[in-house]
Amino acid sequence: MIKRLEDMPEGTVGFEFSGDVTGQEYREVLEPPLEGAVESGEVRLLLQTAADFDGMKLGARIEDAKTNFRLGVAHRKAWKRVAIVSDSDWLRSSFRVWSHFVPVDMKIFALAEAADARAWVAGS
């Protein structure tokens, strides 16, 4: 499940992933606000995982790949910061690898550091 975080700082968008994430949720919940942020010219994104996050189903992975190309690669100058908030060992390990290939300022935070992540993603 993807839930939009409503208590985000001005100019940022945030989401919490829990359980299994489907392609339909990705399209309906995550993509519209991301499109709006891209259109505004500045994307500051926070992605947080709940303790029960199991990963993304195949449909969500496909949507993620399409969205990365359509909103990420095609508009890479709009992307300013991405904060990942998670205690997931596998996510933290994979972050260390793929963050080197993404041309945006990215940082990972523990769940206990969620407030710091929100402040960081909103900063300059």
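Colleague: Let's begin with T49 in this predicted model. Which strand holds T49?

Modeller: Happy to start there! The strand that runs over residues 43-49 includes T49. Its name is β4.

Colleague: Is T49 buried or exposed?

Modeller: The cut-off to keep in mind is that buried means under 20% relative accessible area. T49 has a relative accessible area of 7%. That value falls under the cut-off, so T49 is buried.

Colleague: Which residue does the side chain of T49 join in a polar contact?

Modeller: T49 touches F17, V85, S86, D87, L91 and L111, leaving out residues up to four places away in sequence. For one of these, the side chains are joined by a polar contact of 2.7 Å. That partner is S86.

Colleague: F17 was on that list, so let's visit its strand. How many of the residues of β2 are buried?

Modeller: Strand β2 covers residues 13-17 and is mostly covered. In a regular strand the side chains alternate between the two faces of the sheet. Here both faces are covered, with V13, F15 and F17 buried on one side and G14 and E16 buried on the other. The count of buried residues in β2 is five of five.

Colleague: Which strand pairs with β2 in the parallel sense?

Modeller: Strand β1, residues 2-5, is joined to β2 by four bridges, but those two run antiparallel. The parallel pairing with β2 goes over five bridges, and within it F15 stands opposite L47. The parallel partner is β4.

Colleague: Which residue of β2 forms a salt bridge with K3?

Modeller: K3 stands opposite a residue of β2 in the pairing of strands, and the salt bridge is with that residue, E16. The closest N and O atoms are 3.8 Å apart. K3 lies in β1 and its partner in β2, so the pair ties together parts that are 13 residues apart in sequence. The residue you asked for is E16.

Colleague: Which of K3 and E16 is buried, and which is partly exposed?

Modeller: Buried means under 20% relative accessible area, and partly exposed lies between that and 50%. K3 has 44% relative accessibility, so K3 counts as partly exposed. E16 has 18%, so the buried one is E16.

Colleague: How many residues apart are R118 and D7?

Modeller: The side chains of R118 and D7 meet in a salt bridge, 2.7 Å from N to O. This pair links distant parts of the chain: R118 is in helix α4, residues 114-122, while D7 is in the loop between β1 and β2. Their separation in sequence is 111 residues.

Colleague: Which of R118 and D7 is exposed?

Modeller: R118 counts as buried at 14% relative accessibility. D7 has a relative accessible area of 54%. Exposed means over 50%, so the exposed partner is D7.

Colleague: Which residue meets E42 in a salt bridge?

Modeller: The atoms that meet are 2.7 Å apart, N to O. E42 counts as partly exposed at 33% relative accessibility, whereas its partner R44 counts as buried at 11%. The residue that meets E42 is R44.

Colleague: Now for a helix. At which residue does α1 bend?

Modeller: Helix α1 spans residues 23-40, and its 18 residues reach 25 Å from first C-alpha to last, close to the 26 Å expected. Buried residues in α1 include Y26, L30, L34 and V38. The bend is about 40°, and a proline, P32, follows within four residues. The bend is at E31.

Colleague: Which residue just after α1 takes a positive phi?

Modeller: The phi angle there is about 95°. The residue is G41.

Colleague: How far apart in space are K77 and V104?

Modeller: K77 sits in the loop between α2 and β6 and counts as exposed at 74% relative accessibility. K77 and V104 are 27 residues apart in sequence. From C-alpha to C-alpha, their distance in space is 8.6 Å.

Colleague: One last stop! Is S18 buried or exposed?

Modeller: S18 lies in the loop between β2 and β3. Leaving aside neighbours within four places in sequence, S18 is in contact with M1, A50, D52 and F53. Its relative accessible area is 15%, under the 20% cut-off, so S18 is buried.

Terms used: Residues numbered from 1 in each chain as written. Predicted model: local features only at pLDDT ≥ 70, side-chain atom pairs only at ≥ 80, totals over all residues. Heavy atoms only, no water. Buried < 20%, exposed > 50% of the residue type's maximum accessible area, 1.4 Å probe, protein only. Polar contact = N/O pair within 3.5 Å; in protein donor to acceptor, adjacent residues only side chain to side chain. Contact = heavy atoms within 4.5 Å. Pairing = 2+ DSSP bridges. Expected span 1.5 Å × (residues − 1). Bend = angle between axes of the 7 residues up to and from the residue. Salt bridge = Lys/Arg side-chain N within 4 Å of Asp/Glu carboxyl O.
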